[in-house]
Amino acid sequence: MTARKPARYSAFDLVRRGLTRRDWPRSWREHDLNSSYDVVVIGAGVHGLACAYYLAANHGITNVAVLDKGYLGGGGSGRNTAIIRSNYLTPEGVAFYDRSVKLYENLAAELNFNVMFEQRGHLTLAHNDSSLRTMRWRAEVNKLQGVNSEVIGPADIKRLVPYMDVSPESRYPILGALYHPPGGTIRHDAVNWGYARAADVLGVQIHQNTEVLGIDVVGDRVTGVRTNRGAVAAPIVVNCTAGWASLVSALAGVTLPITTYPLQAAVTEPVKTFLRTVVVSGTLHVYVSQTDRGELVFGASVDPYPSYSMRGSLEFTEELAGHVLELMPGIASLRVLRQWAGLCDMTPDYSPIMGVTPVDGFLLDVGWGTYGFKAGPVSGETMAELVATGKTPELIASFDLARFADGRLVGEKGAAAVGH
Amino acid sequence: MLLIPCPHCGPRNSSEFRYAGEGRRRPDVTAVMPPEWRSYLYERRNAAGWVRESWYHTFGCRRFFAVERDTVTNAVRPGSPA
């Protein structure tokens with residue numbers, strides 16, 4: 001694979017191209033599909049692209065193809081609500097997501113692409129004693145891992161979010177919140193495009209509209225994939241899909257404990273900035289943040305029944321609007337601009353499934369439920385290390401597929417169920 | 001929004017119901033090995049297409065019944081009795 005010299009994005013270049021009216025070069029190239037690669041990655045979302053990028057950047061493996069049946073970043077990576085945080089419940093989870101936040105902090109400089117990561121602080125509200133107890137638990141686990149989290153009271157919440165109704169007379173009074181200052185929001189498309197562009201520069205091939213129809217396994221070894229554009233031989237195939245992870249794995253004969261649910265989100269018309277912090281309420285099944293453009297982004301919990309349909313529903317919008325107004329009655333006249341859904345591969349313990357499978361060379365980076373985007377960089381980094389060294393990195397060792405048979409579940413529901 | 005065909009109450013809005021999942025047979029707990037138990041506990045078909053599943057009419061007859069649903073389009077039709 002040929003590397004190429006990138007166009008360096010800078011303020012100077014912006015002015016120069018503005019004056020000379022020269023076009024920007026394409027961010028990534030299109031290629032014919034080769035008959036073999038060293039590594040095939042299925043899924044051109046943040047996980048697949050990050051895996052390919054770190055394979056090339058950290059390990060010098062550039063004969064890599066990233067295949068996607070649709071367009072780049074068109075699945076969960078372009079449908080999530082772009083919230084980044086590391087205030088999880090289990091020590092394994094906290095260490096893992098903390099590494100991801102660290103990578104995100106430096107990502108714009110590393111990829112030469114403005115990913116607009118803003119660490120505006122993240123509030124998870126507690127409306128009853130049991131959630132307040134979970135918040136205290138999470139705060140202590142976080143502090144022991146060196147992650148900045150603390151429980152704060154209604155007065156401090158009011159200072160951070162003046163529009164919030166923290167009065168004891170509200171239907172679900174706010175007793176406190178887990179405050180996580182390093183949490184924040186990011187521009188998810190920029191992350192996908194940044195990884196794609198940086199991987200392309202290093203020689204990785206990105207193939208959009210290339211659907212994997214079959215995975216070839218000889219004995220208990222993977223030998224390649226069959227696509228709508230022809231067969232591709234590869235000794236290593238990494239499944240980085242979301243939504244279709246269990247169906248893609250089934251092509252290789254690997255059964256996964258995954259059930260796919262849609263998760264709906266919505267965005268309002270833009271207004272002047274009034275909400276800096278990300279606000280999450282598990283009791284009310286809602287999370288809210290305001291984008292740089294001024295739109296409010298709302299997300300909910302997953303739909304009440306599994307489905308592969310990505311249509312929105314009126315029930316969702318009604319319920320969501322009701323819950324948001326419990327928190328911030330003052331925004332009642334804001335109009336919802338659009339709503340959408342993304343697919344979430346839910347696992348029994350709300351932790352991902354990463355690493356090796358019974359099929360040699362067929363690796364998993366799946367089961368990302370409702371928390372996949374924030375884990376993109378660290379997943380790419382660790383999966384690339386696994387591919388390059390053949391050894392499962394410590395950071396993801398507890399997320400292996402075998403844990404379900406061995407009874408080693410990593411119960412993350414208390415921090416992952418609605419808190420995004 | 002789904003219209004669920006309850007065999008006892010007729011078609012009603014899905015918000016009256018609780019999704020109860022794919023039906024599964026519990027293995028003999030005195031003889032089962034871990035892989036089989038794992039499969040019973042955690043593995044689902046998760047099919048994209050027509051599936052047969054149980055629903056429970058929480059705000060109605062409070063009975064379980066079978067429904068067939070296309071998980072890609074969310075089209076629903078009555079399921080044959082188990």
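**Group meeting: a two-chain predicted model**

Let me begin with one residue, Met346(A), which is buried because 22 other C-beta atoms lie within 10 Å, and the cut-off for calling a residue buried is 20 or more such atoms. I should say at once that what we are looking at is a predicted model. Met346(A) has its place in strand S17 of chain A, a strand that covers residues 336–346. If we leave aside the neighbours within four places in sequence, Met346(A) is in contact with Ile258(A), Thr259(A), Tyr261(A), Val302(A) and Gly369(A). For a sense of distance across the chain, Met346(A) and Trp28(A) are separated by 318 residues in sequence and, from C-alpha to C-alpha, by 32 Å in space.

Let me step back to chain A as a whole. Chain A contains 12 helices and 19 strands, and its C-alpha trace spans about 65 × 65 × 40 Å along the principal axes. How does the radius of gyration of chain A stand beside that of a compact globule? For 420 residues a compact globule would have a radius of gyration near 22 Å, and chain A, with 21 Å, agrees with that. Of those 420 residues, 53% count as buried. When we take the contacts in chain A between residues at least 6 apart in sequence, 78% of them join residues at least 24 apart.

Now to a sheet in chain A. Here 6 strands form an open sheet in the order S8-S2-S1-S12-S19-S18, with mixed pairing. Its edge strands are S8 (205–207) and S18 (353–355) of chain A, each of which pairs on one side only. On average, and with direction ignored, neighbouring strands of this sheet are turned by 20° against each other.

Going through some of the pairings, strand S2 of chain A, residues 64–67, runs parallel to S8(A) and is joined to it by 3 bridges; within that pairing, Val66(A) has Ile206(A) as its bridge partner in S8(A). Helix H2(A) packs on the sheet, where it touches S1, S2, S12 and S19 of chain A, and the direction of H2(A) makes about 175° with that of S2(A).

Strand S1 of chain A, residues 39–42, pairs with S12(A) in the parallel sense over 4 bridges, and in that pairing Ile42(A) stands opposite Asn239(A). S12(A) is in turn joined by 3 bridges to strand S19 of chain A, residues 362–366, and these two also run parallel, with Asn239(A) standing opposite Leu364(A) in S19(A).

Are the residues on the two faces of S12(A), residues 236–239, buried or exposed? Both faces are covered, since Ile236(A) and Val238(A) on one side, and Val237(A) and Asn239(A) on the other, are all buried. Val238(A) has a long list of partners: not counting residues up to four places away in sequence, it touches Val39(A), Val41(A), Ile42(A), Cys51(A), Leu363(A), Asp365(A), Met383(A) and Val387(A).

That residue leads us to the nonpolar cores. The largest nonpolar core has 125 residues, and those touching the most other members are Val39(A), Val40(A), Ala52(A), Val64(A) and Val238(A). Helix H2 of chain A, residues 46–59, supplies the largest share of this core, with 10 residues. Apart from it lies another core of 7 residues, and among them are Leu2(B), Ile4(B), Trp55(B) and Phe65(B).

Those last names bring us to chain B, where 4 strands form an open sheet in the order S3-S4-S5-S6 with antiparallel pairing. Strands S3 (18–21) and S6 (76–78) of chain B stand at the edges with a single partner strand each, so one side of each is left without a neighbour in the sheet. From one strand to the next, the twist averages 45°. S3(B) and strand S4 of chain B, residues 50–56, run antiparallel and are joined by 3 bridges, and Gly21(B) has Ser54(B) in S4(B) as its bridge partner.

I will finish with the place where the two chains meet. How many residues of each chain take part in the contact? There are 15 residues of chain B in contact with 19 residues of chain A. On the chain B side, the largest share, 4 residues, comes from helix H1 of chain B, which covers residues 34–42. The chain B side that touches chain A is made up of 7 nonpolar, 5 polar and 3 charged residues.

Key:
Residues numbered from 1 in each chain as written. Chains lettered and ligands numbered in written order. Predicted model: local features only at pLDDT ≥ 70, side-chain atom pairs only at ≥ 80, totals over all residues. Contact = placed C-beta atoms within 7 Å. Nonpolar A, V, L, I, M, F, W, Y, C, P; charged D, E, K, R; others polar. Core = buried A, V, L, I, M, F, W, Y, C linked by C-beta atoms within 7 Å. Buried ≥ 20, exposed ≤ 12 C-beta atoms within 10 Å, placed from the backbone. Pairing = 2+ DSSP bridges. Axes fitted to C-alpha atoms, helices over the stretch in contact; angles between N-to-C directions. Rg over C-alpha atoms; globule rule 2.2 N^0.38 Å.
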